[in-house]
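Welcome! Here are some short exercises for getting to know a protein chain, each with a worked solution. Try each task with the structure in view before you read on.

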Amino acid sequence: MSVNLRTWHRSMFGQMTLITILFVGFGVYFFSLRPLLSVEPNGVADPLEQTAARASDALSRFAFAEGQAPGSGGDLAQDAVLADIRAHNPRFRYFVRVGDRDFRQGEGTPFFVSLGFDRLERQDLSRAYPGVCINSTRNDLGGPGLVFLTYSDCGGRRTYYEYAGIEHATTSAAATSAQLYGKFIWSYGGLFLSTVGIAFVVFAVVLLVNVWRIRRVAAMARDLDPDDLKGLFPERGLPLEVVPLVSALNQMIVRVDEAQRRQRFFLSAAAHEMRTPLTVLRTRLEIMDDGRLKDKLIADVRRLTDLANKLLTLMTIGESRTAMRRCDLVTLAGRVVGERETVARRRGLDLVFEREVTRMEIVADAGLVETAIGNVVDNALSFSAEGQRVTVRLDKDGWVRVRDHGPGIPKERIKDLFEPFTRFSTGRSGYGLGLAIVKAVIERHDGAVEVKAGEGGGAEVSLRFSPGTPG
């Protein structure tokens, strides 16, 4: 299902998507961001704080190990965590004192000296007051960057470490913090997002199924034959919201079909009823004395009879029940040309029949095929002047092409050429029904018709009735 971005907001699927996005946005805020901003989750901190915590952890582990057994803490200068912190913080320094041993890196006077912890150590208060433990922790020493120190003296066992100059978070700390935040957000909003996602998928499937059903009805409407409105759109299986529209369309189809039936019946009956009085009138005219008036009246009656016959033919083609049979298109086209050769010679025209095959079998109503080809040939003859040629050519692909060298057909009139009672102001007689009959015959045979201007003037009308088998 394709949707134009400009009309996306008018699509049911687009509207549902937009509502879902807004719903998810509000849900993410109320169920994830809002609690995240109001509650400090355990283990989640600023990446810079995470970096400082990693430094404290590395220094405290080293101090504890050295307090247990000298040398068991390893080489503090090669510690990977502290090396990573130094790589991101050029002014980072640390100082560790375990017993009477010092471990340090970086420039600057240690807080151990500047704050007098060395003098406190020389007083040896824990020995003077057995059972007393002295502990001190500070992080408000004024930089640079994050600063921290801790001092412990219990029963003569003294441990001290400090660091300063942490101004930038390490990459791993930032990633850890992001992971913790992600887990925290998912713990609050995961159920909500999962529910919305599942609901959206279910809604989308239901909507797409209903859209497919509606599109099926639309496809049936596109294929609807205006001359055969017996088929109605199915109302079962459609969404309840669409059923009233489809029901209204079915009622309209029934009314239009009934109106067309009445119109066809009227025209057919009128044409049929005209034939009897015209025949009687012509018979009475035949017994009149010869003269110009008699000839003119007989010619008028002949024209009216021809009109009635053509109207009757046009009205009955679509309802013809004549069975389609296999017939030879070469024979049919040749018979049409043969019947009109005398008329063509009398008018000084050259009527030629050309064929690329000796036999072309088609399944058709032979009488209607001859009528259609004959009407096109008659038109070509009537538009041609004395000395011109009219060519009827049967191609090997089944097209019957009638080419004349008359005045041609204006391009703007081609689209109306096959409408009933369409005539050109050329002074020629006729009622404009011949090509309308051709169109009806072609539609009866699921064929095709093409009209184009001929090279050097004139026009070419091509007919194709059904796929044929050349022989």
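**Exercise 1. Two helices that meet**

Task: Find where the axes of helix 11 and helix 13 come within 9 Å, and describe how they cross.

Solution. Keep in mind that this is a predicted model. Start by locating the two helices: helix 11 covers residues 366-383, and helix 13 covers residues 434-444. Their axes come within 9 Å of each other and cross at roughly 145°. Next, look at the handedness: helix 11 passes helix 13 in a left-handed crossing. Then list the residues that touch. From helix 11, the residues include Leu-368, Val-369, Ala-372 and Val-376. Across from them in helix 13 are residues including Leu-435, Ile-437, Val-438 and Arg-444. Finally, sort the contact by class: eight residues are nonpolar, four are polar and one is charged.

**Exercise 2. The sheet with strand 10**

Task: Work out which strands pair with strand 10, and what order the five strands of the sheet follow.

Solution. A general point helps to begin with: strands of a sheet pair through backbone hydrogen bonds, in parallel or antiparallel fashion. Now read the order of this open sheet, which is 7-9-10-12-11, with mixed pairing. Strand 7 (350-355) and strand 11 (448-453) each have a single partner strand, so one side of each is left without a neighbour in the sheet. Neighbouring strands here are turned by 15° against each other on average, direction ignored.

Step inward to strand 10, residues 400-403. On one side, four bridges join strand 9 (residues 389-394) to strand 10, and the two run antiparallel. One of the bridge pairs is Leu-394 with Val-400. These two strands form a hairpin with five residues between them, and Gly-398 in the turn has a positive phi of about 95°.

On the other side, four bridges join strand 10 to strand 12 (residues 459-464), again antiparallel. Here Val-402 has Val-461 as its bridge partner, while Val-400 is bridged to Leu-463.

**Exercise 3. Side chains of strand 10**

Task: Which residues of strand 10 point one way, which point the other way, and are they buried or exposed?

Solution. Go along the strand one residue at a time. Val-400 and Val-402 point one way. Arg-401 and Arg-403 point the other way. All four are buried, the arginines included.

**Exercise 4. A second sheet and its helix**

Task: Describe the open sheet with the order 2-1-5-4-3, and find the helix that lies across strand 5.

Solution. First, the pairing: this five-stranded sheet is antiparallel. Its edges are strand 2 (101-105) and strand 3 (133-138), each pairing on one side only. The twist averages 5° from one strand to the next. Now zoom in on strand 4 (residues 146-154) and strand 5 (residues 157-166), which are joined by eight bridges. Among the residues there, Leu-149 has Glu-162 in strand 5 as its bridge partner. Last, add the helix: helix 2 (residues 47-68) lies across strands 1, 2, 4 and 5, running at about 155° to strand 5.

**Exercise 5. The whole chain**

Task: How many helices and strands does the protein chain have, and what percentage of its residues count as buried?

Solution. Counting gives 13 helices and 13 strands. Of the 471 residues, 35% count as buried. For contacts between residues at least 6 apart in sequence, 63% join residues at least 24 apart. To finish, the accessible surface comes to about 28,000 Å², with 56% belonging to carbon and sulfur atoms.

Technical notes:
Residues are numbered from 1 along each chain as its sequence is written. This is a predicted model: local features need pLDDT of at least 70, side-chain atom pairs count only at pLDDT 80 or more; totals for chains, interfaces and linings use all residues. Side-chain values use heavy atoms; hydrogens and water are left out. Buried means under 20% relative accessible area, exposed over 50%, partly exposed in between (1.4 Å probe, protein chains only). Contact means heavy atoms within 4.5 Å. Accessible areas come from the Shrake-Rupley method with a 1.4 Å probe; for residues, only the protein chains shown count as cover. Axes are lines fitted to C-alpha atoms, for helices over the stretch in contact, and angles run from 0 to 180 degrees between N-to-C directions. A crossing is left-handed if the near helix is turned anticlockwise from the far one by less than a right angle, and right-handed if clockwise. Ala, Val, Leu, Ile, Met, Phe, Trp, Tyr, Cys and Pro count as nonpolar, Asp, Glu, Lys and Arg as charged, and the others, Gly among them, as polar. Two strands pair if DSSP finds at least two bridges between them.
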